[in-house]
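Reader: Could you walk me through this fold before I set anything up? I'd like to go piece by piece.

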Amino acid sequence: MTEPAHLTETRGAYDTVAVDYAALVPARLSELPLDRALLGAFAERARAAGGPVADLGCGPGHVTAHLSNLGVDAFGVDLSPRMVALARQAYPELRFEVGSMTALDLPDGRLGGVLSWWSIVHTPRELLPRVFAEFHRVLAPGGHALLGFHGGDDEHVRRDRAYGHPVPLDVHFARPEGIAALLAAAGLPVTATMWQAPGEGQRHPAAYLFARKP
(Lines give C-alpha, C1' and ligand atoms only; values in the text may rest on other atoms or scores of the structure.)
Protein backbone atom coordinates (compact mmCIF):
# COMPACT_ATOMS: atom_id res chain seq x y z
CA MET A 1 0.00 0.00 0.00
CA THR A 2 1.37 3.39 -1.02
CA GLU A 3 1.98 5.77 1.87
CA PRO A 4 0.14 9.13 1.69
CA ALA A 5 2.46 11.81 0.34
CA HIS A 6 2.01 14.09 3.34
CA LEU A 7 3.40 11.39 5.66
CA THR A 8 6.51 10.88 3.54
CA GLU A 9 7.10 14.60 3.28
CA THR A 10 6.49 15.31 6.97
CA ARG A 11 8.77 12.46 8.06
CA GLY A 12 11.56 13.69 5.80
CA ALA A 13 11.20 17.28 6.99
CA TYR A 14 11.34 16.41 10.68
CA ASP A 15 14.18 13.95 10.23
CA THR A 16 16.09 16.84 8.65
CA VAL A 17 15.31 19.49 11.28
CA ALA A 18 15.25 17.19 14.34
CA VAL A 19 18.50 18.31 15.98
CA ASP A 20 17.74 22.03 15.60
CA TYR A 21 14.13 21.53 16.65
CA ALA A 22 15.20 19.67 19.79
CA ALA A 23 17.67 22.43 20.66
CA LEU A 24 15.01 25.15 20.36
CA VAL A 25 11.47 23.99 21.11
CA PRO A 26 11.58 22.04 24.42
CA ALA A 27 12.88 25.02 26.38
CA ARG A 28 9.82 27.05 25.36
CA LEU A 29 7.50 25.00 27.58
CA SER A 30 8.96 26.65 30.67
CA GLU A 31 7.88 30.02 29.22
CA LEU A 32 4.28 28.97 28.49
CA PRO A 33 2.28 28.86 31.73
CA LEU A 34 -1.04 28.44 29.95
CA ASP A 35 0.22 25.41 28.04
CA ARG A 36 1.50 23.90 31.27
CA ALA A 37 -1.84 24.54 32.96
CA LEU A 38 -3.73 22.79 30.16
CA LEU A 39 -1.34 19.85 30.23
CA GLY A 40 -1.78 19.69 33.99
CA ALA A 41 -5.56 19.56 33.65
CA PHE A 42 -5.25 16.87 30.99
CA ALA A 43 -2.88 14.85 33.18
CA GLU A 44 -5.33 14.99 36.08
CA ARG A 45 -8.20 13.80 33.90
CA ALA A 46 -6.13 11.06 32.32
CA ARG A 47 -4.97 9.77 35.71
CA ALA A 48 -8.58 9.59 36.86
CA ALA A 49 -9.55 7.69 33.72
CA GLY A 50 -6.79 5.13 34.30
CA GLY A 51 -4.52 3.57 31.71
CA PRO A 52 -1.46 4.96 29.95
CA VAL A 53 -1.35 8.13 27.88
CA ALA A 54 -0.02 8.39 24.32
CA ASP A 55 1.72 11.61 23.28
CA LEU A 56 1.11 11.38 19.53
CA GLY A 57 3.57 13.41 17.50
CA CYS A 58 5.87 13.57 20.51
CA GLY A 59 8.87 15.05 18.70
CA PRO A 60 11.96 15.05 20.95
CA GLY A 61 9.91 13.86 23.92
CA HIS A 62 9.82 16.92 26.17
CA VAL A 63 6.04 16.98 26.57
CA THR A 64 5.96 13.23 27.18
CA ALA A 65 8.51 13.79 29.95
CA HIS A 66 6.44 16.67 31.35
CA LEU A 67 3.39 14.41 31.57
CA SER A 68 5.49 11.72 33.24
CA ASN A 69 6.63 14.26 35.82
CA LEU A 70 2.95 14.98 36.49
CA GLY A 71 2.42 11.37 37.48
CA VAL A 72 1.11 10.08 34.14
CA ASP A 73 2.16 6.75 32.63
CA ALA A 74 3.09 8.48 29.37
CA PHE A 75 4.78 7.24 26.23
CA GLY A 76 5.52 8.93 22.91
CA VAL A 77 4.85 8.09 19.26
CA ASP A 78 6.29 10.07 16.35
CA LEU A 79 6.46 9.73 12.59
CA SER A 80 10.13 10.78 12.48
CA PRO A 81 12.69 8.10 13.41
CA ARG A 82 15.24 10.84 14.07
CA MET A 83 12.93 12.56 16.55
CA VAL A 84 12.29 9.26 18.30
CA ALA A 85 16.04 8.61 18.53
CA LEU A 86 16.57 12.01 20.16
CA ALA A 87 13.68 11.42 22.57
CA ARG A 88 15.09 8.06 23.62
CA GLN A 89 18.49 9.65 24.14
CA ALA A 90 17.11 12.51 26.24
CA TYR A 91 14.65 10.42 28.28
CA PRO A 92 15.93 6.83 28.36
CA GLU A 93 13.53 5.92 31.17
CA LEU A 94 10.50 6.55 28.93
CA ARG A 95 9.09 4.65 25.97
CA PHE A 96 9.14 6.15 22.47
CA GLU A 97 8.08 4.45 19.25
CA VAL A 98 7.98 5.32 15.56
CA GLY A 99 4.43 5.38 14.24
CA SER A 100 1.70 7.26 12.42
CA MET A 101 -1.53 8.68 13.84
CA THR A 102 -3.35 7.31 10.80
CA ALA A 103 -2.62 3.69 11.82
CA LEU A 104 -1.52 3.36 15.44
CA ASP A 105 0.15 0.12 16.48
CA LEU A 106 -1.82 0.11 19.73
CA PRO A 107 -4.57 -2.16 21.07
CA ASP A 108 -8.20 -1.11 21.20
CA GLY A 109 -9.61 0.66 24.24
CA ARG A 110 -6.57 0.66 26.50
CA LEU A 111 -5.51 4.31 26.87
CA GLY A 112 -6.60 6.75 29.54
CA GLY A 113 -5.54 9.67 27.37
CA VAL A 114 -4.39 10.79 23.94
CA LEU A 115 -2.42 14.00 23.53
CA SER A 116 -2.14 15.63 20.11
CA TRP A 117 0.05 18.67 20.79
CA TRP A 118 0.37 20.47 17.46
CA SER A 119 0.61 17.09 15.74
CA ILE A 120 -2.41 17.43 13.41
CA VAL A 121 -1.12 20.62 11.79
CA HIS A 122 0.50 18.77 8.88
CA THR A 123 -2.50 16.49 8.23
CA PRO A 124 -4.86 17.39 5.36
CA ARG A 125 -8.37 18.02 6.63
CA GLU A 126 -9.86 15.17 4.60
CA LEU A 127 -7.69 12.71 6.53
CA LEU A 128 -8.59 13.98 10.01
CA PRO A 129 -11.64 11.69 10.34
CA ARG A 130 -9.29 8.72 9.97
CA VAL A 131 -6.93 10.15 12.59
CA PHE A 132 -9.75 10.87 15.05
CA ALA A 133 -11.19 7.39 14.49
CA GLU A 134 -7.82 6.04 15.65
CA PHE A 135 -7.95 8.27 18.73
CA HIS A 136 -11.39 6.85 19.54
CA ARG A 137 -10.28 3.27 18.90
CA VAL A 138 -7.32 3.32 21.28
CA LEU A 139 -9.02 5.26 24.10
CA ALA A 140 -10.77 3.38 26.86
CA PRO A 141 -14.34 4.41 27.71
CA GLY A 142 -14.03 7.55 29.82
CA GLY A 143 -10.61 8.35 28.33
CA HIS A 144 -9.65 11.90 27.42
CA ALA A 145 -8.06 13.61 24.44
CA LEU A 146 -6.39 17.02 24.35
CA LEU A 147 -5.57 18.70 21.04
CA GLY A 148 -3.54 21.83 20.47
CA PHE A 149 -3.32 23.25 16.95
CA HIS A 150 -3.05 26.40 14.86
CA GLY A 151 -6.33 28.27 14.68
CA GLY A 152 -7.34 29.85 11.42
CA ASP A 153 -9.83 29.99 8.61
CA ASP A 154 -9.47 26.42 7.31
CA GLU A 155 -6.46 27.25 5.18
CA HIS A 156 -3.05 25.78 4.63
CA VAL A 157 0.34 27.31 3.92
CA ARG A 158 3.07 25.67 1.88
CA ARG A 159 6.43 26.40 3.49
CA ASP A 160 9.83 25.79 1.94
CA ARG A 161 11.92 26.28 5.08
CA ALA A 162 11.65 25.12 8.68
CA TYR A 163 14.03 25.57 11.61
CA GLY A 164 16.77 26.84 9.36
CA HIS A 165 16.54 24.07 6.77
CA PRO A 166 15.24 24.10 3.18
CA VAL A 167 12.46 21.53 3.58
CA PRO A 168 8.94 21.51 2.10
CA LEU A 169 6.15 21.36 4.66
CA ASP A 170 2.40 22.01 4.55
CA VAL A 171 0.91 23.62 7.66
CA HIS A 172 -2.87 23.54 8.15
CA PHE A 173 -4.93 26.06 10.12
CA ALA A 174 -8.42 25.21 11.34
CA ARG A 175 -11.43 26.64 13.11
CA PRO A 176 -11.99 25.01 16.52
CA GLU A 177 -15.67 24.38 15.76
CA GLY A 178 -14.72 22.47 12.63
CA ILE A 179 -12.27 20.24 14.47
CA ALA A 180 -14.83 19.80 17.28
CA ALA A 181 -17.40 18.59 14.75
CA LEU A 182 -14.96 16.03 13.33
CA LEU A 183 -14.12 14.78 16.82
CA ALA A 184 -17.81 14.46 17.69
CA ALA A 185 -18.42 12.51 14.48
CA ALA A 186 -15.64 10.13 15.56
CA GLY A 187 -17.36 9.56 18.92
CA LEU A 188 -15.27 12.04 20.91
CA PRO A 189 -17.54 14.92 21.99
CA VAL A 190 -15.67 18.06 22.98
CA THR A 191 -15.96 19.07 26.63
CA ALA A 192 -13.97 22.31 26.60
CA THR A 193 -12.58 24.74 24.03
CA MET A 194 -10.02 27.53 24.41
CA TRP A 195 -8.84 30.10 21.88
CA GLN A 196 -5.65 32.04 22.57
CA ALA A 197 -4.80 35.25 20.74
CA PRO A 198 -1.55 35.26 18.75
CA GLY A 199 1.54 36.03 20.80
CA GLU A 200 4.23 38.48 19.87
CA GLY A 201 5.62 37.73 16.43
CA GLN A 202 2.83 35.25 15.66
CA ARG A 203 0.15 35.55 12.99
CA HIS A 204 -2.31 32.88 14.05
CA PRO A 205 -4.10 32.11 17.32
CA ALA A 206 -3.73 28.83 19.15
CA ALA A 207 -6.70 26.54 19.69
CA TYR A 208 -7.12 23.86 22.34
CA LEU A 209 -9.85 21.23 22.61
CA PHE A 210 -10.60 18.71 25.35
CA ALA A 211 -12.67 15.69 24.29
CA ARG A 212 -13.83 12.55 26.06
CA LYS A 213 -14.84 9.10 24.90
CA PRO A 214 -18.19 8.27 26.56
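Reader: Which phi does glycine 187 take, just after α6?

Author: Bearing in mind that this is a predicted model, glycine 187 takes a positive phi of about 90 degrees, and its place is just after α6.

Reader: And in α6 itself, which residues are buried?

Author: Helix α6 spans residues 176-185, and its buried residues are Pro176, Gly178, Ile179, Ala180, Leu182 and Leu183.

Reader: What covers them?

Author: The cover over the buried residues of α6 includes the helix α5 (128-138), together with β5 (139-150), β8 (190-196) and β9 (206-212).

Reader: Those strands make me curious about the sheet; in what order do its strands come?

Author: The sheet is open and has seven strands, which follow the order β3-β2-β1-β4-β5-β9-β8 with mixed pairing. At the edges stand β3 (96-98) and β8, and because each has a single partner strand, one side of each is left without a neighbour in the sheet. On average, neighbouring strands of this sheet are turned by 15 degrees against each other, if direction is ignored.

Reader: How many bridges join β1 to β4?

Author: Three bridges join strand β1 (residues 53-56) to strand β4 (residues 111-117), and the two run parallel. As for individual residues, alanine 54 has valine 114 in β4 as its bridge partner.

Reader: Which strands does α5 lie across?

Author: Helix α5 lies across β1, β4 and β5, and runs at about 145 degrees to β5. Helix α4 (residues 81-90), for its part, lies across β2 (74-78) and β3, with an angle of about 170 degrees to β3.

Reader: How do α1 and α4 sit relative to each other, and at roughly what angle do their axes cross?

Author: The axes of α1 (residues 5-24) and α4 come within 7 Å and cross at roughly 30 degrees. Since angles under 35 degrees count as roughly parallel, α1 and α4 are therefore roughly parallel to each other. On the α1 side the contact is made by Arg11, Tyr14, Asp15, Ala18, Val19, Tyr21 and Ala22, and on the α4 side by Pro81, Arg82, Met83 and Leu86. By class, the contact of α1 with α4 has eight nonpolar, three charged and no polar residues.

Reader: Changing topic to histidine 66: buried or exposed?

Author: Histidine 66, whose place is in helix α3 (residues 62-69), counts as buried because its relative accessibility is 18%, and the cut-off for buried is under 20%.

Reader: What is histidine 66 in contact with, leaving aside its neighbours within four places in sequence?

Author: With those neighbours left aside, histidine 66 is in contact with Leu29, Arg36 and Leu39.

Conventions:
Residues numbered from 1 in each chain as written. Predicted model: local features only at pLDDT ≥ 70, side-chain atom pairs only at ≥ 80, totals over all residues. Heavy atoms only, no water. Buried < 20%, exposed > 50% of the residue type's maximum accessible area, 1.4 Å probe, protein only. Helix = DSSP H or I, 4+ residues; strand = E, 2+ residues; numbered from the N terminus. Contact = heavy atoms within 4.5 Å. Pairing = 2+ DSSP bridges. Axes fitted to C-alpha atoms, helices over the stretch in contact; angles between N-to-C directions. Parallel < 35°, antiparallel > 145°, perpendicular 65-115°, else oblique. Nonpolar A, V, L, I, M, F, W, Y, C, P; charged D, E, K, R; others polar.
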